[in-house]
Amino acid sequence: MSRAGSVHFELCAEDTGETLHFFWPPSFDTVAHGEMTSINELELPRSVKDKLINASLDTVEDLMLYVPPGTLDKMGHRFKRHRGPNRLMNLSADEIAAAYDRAAEYVFQSKVAYGTALDLLHEEAWLSTGDPVLDQALGGTGIMTRGITEIAGESAVGKTQICLQLCLMTQLPKECGGLDGSVVWLSTEGKFPYSRLESLLGHFVERFEGIVPNLNQDDIRSNIYFDSMADQETQLHIFNYQLPNLIQDSHLLPEEQNLGSDERIERSKKKPVKLVIIDSITNNFRSELTAPSDFGSGRSGFRSSLLQRSADICEIGLRLRTLADEYGLAVVCVNQVSDVFNPPSVSSYGSSSRGRLGDRKKPALGLVWENTINTRIMLQRTRVPERDDGLAIESEPQRSMSVMFSPCSRAASDVAREDTHEEGYCAYRIDEKGVIGIPQDVS
């Protein structure tokens with residue numbers, strides 16, 4: 001007997017000599033969404049259910065993931081740490097086989113641990129930037145959910161402006177380009193930009209109040225959660241504990257919480273978290289990573305710091321991607337950039353014939369972080385030229401957005417080679433209404 005991706009084992013009951021055929025690991029994805037399923041949901045005799053509950057296997061997931069100790073002996077030394085008492089010793093081989101069969105049947109029929117392509121299509125959601133030109137550059141739909149989008153660029157290029165615009169758009173209904181949810185803003189660089197939010201809020205409400213009924217500025221403000229991450233220790237604690245709890249609580253219905261009538265009314269105004277913004281993901285890593293004064297003698301210590309930083313980046317990336325996938329979130333991480341000296345003629349960021357992609361800057365945190373994110377967006381600002389008399393020309397510097405890589409849009413370098421104007425790149429300006437894309441002249 002065989003099953004793709006699983007190992008077949010035979011367990012022999014000591015009392016009856018009966019043989020149980022068992023496959024491990026179970027043939028389903030162990031990452032299931034939602035709450036655990038009670039063992040009482042299975043069509044099993046009451047006596048079998050009681051034995052499983054007494055053995056602390058009171059959910060379908062616990063049963064499917066439990067491996068008897070006798071099986072571990074046949075699976076090699078890697079699984080020795082999972083040893084423990086045989087919790088199925090009070091069940092016969094037939095009862096064990098029936099329990100696993102009913103659990104597997106329930107998993108398959110209820111789609112607890114898998115979905116179809118049609119399910120994924122129906123669950124697919126996108127967050128508009130609030131501007132059609134920017135959305136078109138991102139593939140026509142905006143920011144993807146169930147993934148991590150990085151927005152990188154130098155100072156004063158508009159990274160925070162775009163994030164504030166996303167904060168407002170998230171709270172709109174899906175038919176208006178939003179996610180009908182709330183926002184968590186995690187900052188490593190100081191206070192929340194309240195003044196800029198207030199200037200955008202009036203124009204935003206004026207723009208959508210005729211489309212979205214009962215659009216209230218106070219409700220919008222109350223659906224933006226803010227916390228500060230002053231150091232790396234605080235940052236890891238928030239990502240591992242506080243953020244998951246906040247997101248989980250926000251997705252509970254008011255009737256599922258132990259609330260009074262007044263609290264339920266107030267809770268009904270709160271929306272489930274649908275967008276997480278980290279501004280910026282880089283700051284704490286840069287500020288806490290320092291080379292020793294005597295670099296020659298302390299090289300091993302510095303290397304250890306780099307390895308620990310890489311491990312922390314992987315941990316944070318995994319946590320964010322798990323939350324994004326489980327709750328259908330859009331995760332946006334602001335990243336800083338570093339100067340590149342003597343850049344190679346051909347690099348991963350390249351420069352196009354139109355000069356769209358700068359080769360003097362690259363996003364921080366290196367290859368480890370790059371392999372964690374799904375989409376990378378680079379923002380750039382063209383320097384203002386000087387006149388012959390040495391004075392700067394009084395005009396706003398041109399800003400541009402380039403998609404470096406994305407599963408939803410072509411990269412700007414590919415667009416440049418194909419001489420098209422639609423995806424991967426656009427110019428934009430910033431005014432009192434927000435970030436506005438500039439349509440390109442296709443003539």
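**Loops, a helix and a cis bond**

Asp180 is partly exposed, with a relative accessible area of 39% (buried is under 20%, exposed over 50%, partly exposed in between; 1.4 Å probe, protein chains only). This is a predicted model, where local features need pLDDT of at least 70, side-chain atom pairs count only at pLDDT 80 or more, and totals for chains, interfaces and linings use all residues. Residues are numbered from 1 along each chain as its sequence is written, and side-chain values use heavy atoms, leaving out hydrogens and water.

**Exercise 1.** Work out where Asp180 sits and what sign its phi has.

Step 1: find the loop between α7 and β6 (182–187); Asp180 is there (helices are DSSP runs of H or I, at least four residues; strands are runs of E, at least two; both numbered from the N terminus).
Step 2: check phi, which is near 55 degrees and so positive, in a residue other than glycine.

**Exercise 2.** Do the same for Ser56, and add its exposure.

Step 1: look in the loop between α1 (46–54) and α2 (60–65).
Step 2: phi of Ser56 is near 65 degrees, again a positive value in a non-glycine residue.
Step 3: with a relative accessible area of 46%, Ser56 is partly exposed.

**Exercise 3.** Check the length of helix α7 (residues 159–170), then say how enclosed it is.

Step 1: twelve residues at 1.5 Å each should span 16 Å (1.5 Å times one less than the number of residues).
Step 2: the end C-alpha atoms of α7 are 17 Å apart, which agrees.
Step 3: ten of the twelve residues are buried, so α7 is largely enclosed by the rest of the structure; Ile162, Leu164 and Met169 are among them.

**Exercise 4.** Describe the peptide bond from Asp279 to Ser280.

Step 1: omega is near 0 degrees, so this bond is cis.
Step 2: Ser280 lies in the loop between β8 (273–279) and α12 (283–288).
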